[in-house]
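Subject: Structure for you to look at

Hello,

Here is the structure I said I would hand over. Please open it first, and then read the notes below alongside it.

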Amino acid sequence: MVDGRRLNDMSADIDEAAARWHLAQADDDMDWAAFTDWLEADPRHRDAYDAMALLDDRIDAAGPALHPRAANPVPGRRSPRWGAWSAIAAAVIAAVLGLLYQGRRTGEPAVIAYRTAPGQVRTIRLADGSRAILAPGSVLGVPSSREQALTLDGAAFFDVRHDAGRPLTVQAGRYTIRDVGTRFDIAMAEGMVRVAVAEGEVAVSSPDRRDAMAVVAGRALTIQGQDRGVLRSIDISTVGGWRSGPLVYDDVPLGLVVADIARASGTAVTVDHAVAERRFSGMIAQGDGPRMARSLAALTGLALRVDGDAIHLVDRTAR
């Protein structure tokens, strides 16, 4: 029979290693290969790392009350917090970890909801070393269980580490995007989704589709409602182009372009349903919503209708 104290010591060692790996991700020289080997060496390693990541996110959300104020903070770098907290913070950690493990016992995986404000882009490191770059005004749900799909409301760029045995799955509204190691972008608008692939391949399915549709590098799939979807060739340099600089489009429906403008600026910008599927190729500099809407109107020949703080784009020929 294994000694209980020995089991506790092993668990503590695993938790400490998980904390070190989590903190190491703030460094540019993070050894992702070694991290992946550690995760795959024992199922308990993945559980411990998930708990640590969930805990860290909840503590960040709790605000600065749990963090000692740094005398000379360095912008863009996360300060090491493990071992530097007060007894109160330690009590909070214990309580949160208890809730996390209780959630595992009930069979309901905990989910972290990452959110971005208008104009904000956020990089999220997943436990397997993959990255999700969340577009402005978007929400990404990351479950603790590998059996559950990520959920997306808005837009995001994914850079996924190859693991044929553990494909990443994203649920975007009614659509499911399944991946085995690639770089791709998902953007949503009301009743519409677009998946563009810069590298590798993804499979897109929905309750209305009998078979999943494969989307390979240099192609983009746009689906409206229950339609089969339209698959087109694209310039891969435009995939996820919103991450920095202007918004660049290559044959993208106006409905998705307007949704991007609304998320990026925080302005209520909409487009008439009659022209929402009209294709647009071009570039729009990021900034305030009215200016971005005017740029789109000038490039597409649409008219602007302003109602208070809301902006609506319509066809000039419509009566």
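In helix 5, the buried residues are L254, G255, L256, V257, V258, A259, D260, I261, R263, A264 and S265. That is 11 of the 12 residues of helix 5, so this helix is largely enclosed by the rest of the structure. Please keep in mind that this is a predicted model. The length of helix 5 agrees with what is expected: at 1.5 Å a residue, its 12 residues should span 16 Å, and its end C-alpha atoms are 16 Å apart. After helix 5 comes G266, which has a positive phi, near 75°.

Now some totals for the whole protein. There are six helices and 19 strands. The protein has 319 residues, and buried residues make up 43% of them. The accessible surface comes to about 16800 Å², and 51% of that surface belongs to carbon and sulfur atoms. Among contacts with a separation of 6 or more, 50% are between residues 24 or more positions apart.

Next, helix 6. This helix covers residues 289-300, which is 12 residues, and reaches 16 Å from its first C-alpha to its last, close to the 16 Å expected at 1.5 Å a residue. Which residues of helix 6 are buried? They are G289, M292, A293, L296 and A297. These residues cover an arc of only 140° around the axis, which puts them on the same side of helix 6. The face turned away from that buried side carries the exposed residues A298 and L299.

R294 also has its place in helix 6. Its relative accessibility is 48%, so R294 counts as partly exposed; to count as exposed, a residue needs over 50%. The C-alpha atoms of R294 and L313 are 9.2 Å apart in space, with their positions 19 residues apart in sequence.

What do the buried residues of helix 6 pack against? Their partners are helix 5 (254-265) and five strands: strand 15 (247-253), strand 16 (269-271), strand 17 (279-284), strand 18 (302-307) and strand 19 (310-315).

Both ends of helix 6 have something to look at. At the N-terminal end, D288 acts as a cap, with a side-chain oxygen 3.0 Å from the backbone nitrogen of R291. Helix 6 is followed by G301, which has a positive phi, near 80°.

On to the nonpolar cores. In soluble globular proteins, nonpolar side chains tend to be buried together. The largest nonpolar core here has 36 residues, and the members that touch the most others are V257, I284, L296 and L313. Helix 5 gives the most to this core, with seven residues. Another core, of 30 residues, lies apart from it, and I124, A132, V195 and L221 are among its members.

L313 is a good residue to click on. Leaving out residues up to four places away in sequence, L313 touches V269, T270, V271, D272, A293, L296, A297, L302, A303 and L304. Three of these, A293, L296 and A297, are buried residues of helix 6.

Strand 15 has two residues to note. One is L247, which counts as buried at 4% relative accessibility. Not counting residues up to four places away in sequence, L247 touches W242, D260, G282, M283, I284, Q286 and M292. Of these, Q286 is 39 residues from L247 along the chain, yet their C-alpha atoms are separated by 6.7 Å. The other is D251, also found in strand 15. D251 has a positive phi of about 60° although it is not a glycine.

The last residue on my list is V215, found in strand 12 (residues 213-216). Is V215 buried or exposed? V215 is buried, with a relative accessible area of 0%. With residues up to four places away in sequence left out, V215 touches V195, V197, G200, E201, V202, V204, A220, L221 and L231. Two of these contacts, V195 and L221, belong to the core of 30 residues. V215 and V197 are 18 residues apart in sequence, and their C-alpha atoms are 6.9 Å apart in space.

Regards

How values were computed
Residues are numbered from 1 along each chain as its sequence is written. This is a predicted model: local features need pLDDT of at least 70, side-chain atom pairs count only at pLDDT 80 or more; totals for chains, interfaces and linings use all residues. Side-chain values use heavy atoms; hydrogens and water are left out. Helices (H or I, at least four residues) and strands (E, at least two) are DSSP runs, numbered from the N terminus. The expected span of a helix is 1.5 Å times one less than its number of residues. Buried means under 20% relative accessible area, exposed over 50%, partly exposed in between (1.4 Å probe, protein chains only). The arc is that of the directions from the helix axis to the C-beta atoms. Contact means heavy atoms within 4.5 Å. A polar contact is a pair of N or O atoms within 3.5 Å; within protein, one must be able to donate a hydrogen and the other to accept it, and residues adjacent in sequence count only if both atoms are side-chain atoms. A nonpolar core is a set of buried Ala, Val, Leu, Ile, Met, Phe, Trp, Tyr and Cys residues joined through side-chain atoms within 4.5 Å. Accessible areas come from the Shrake-Rupley method with a 1.4 Å probe; for residues, only the protein chains shown count as cover.
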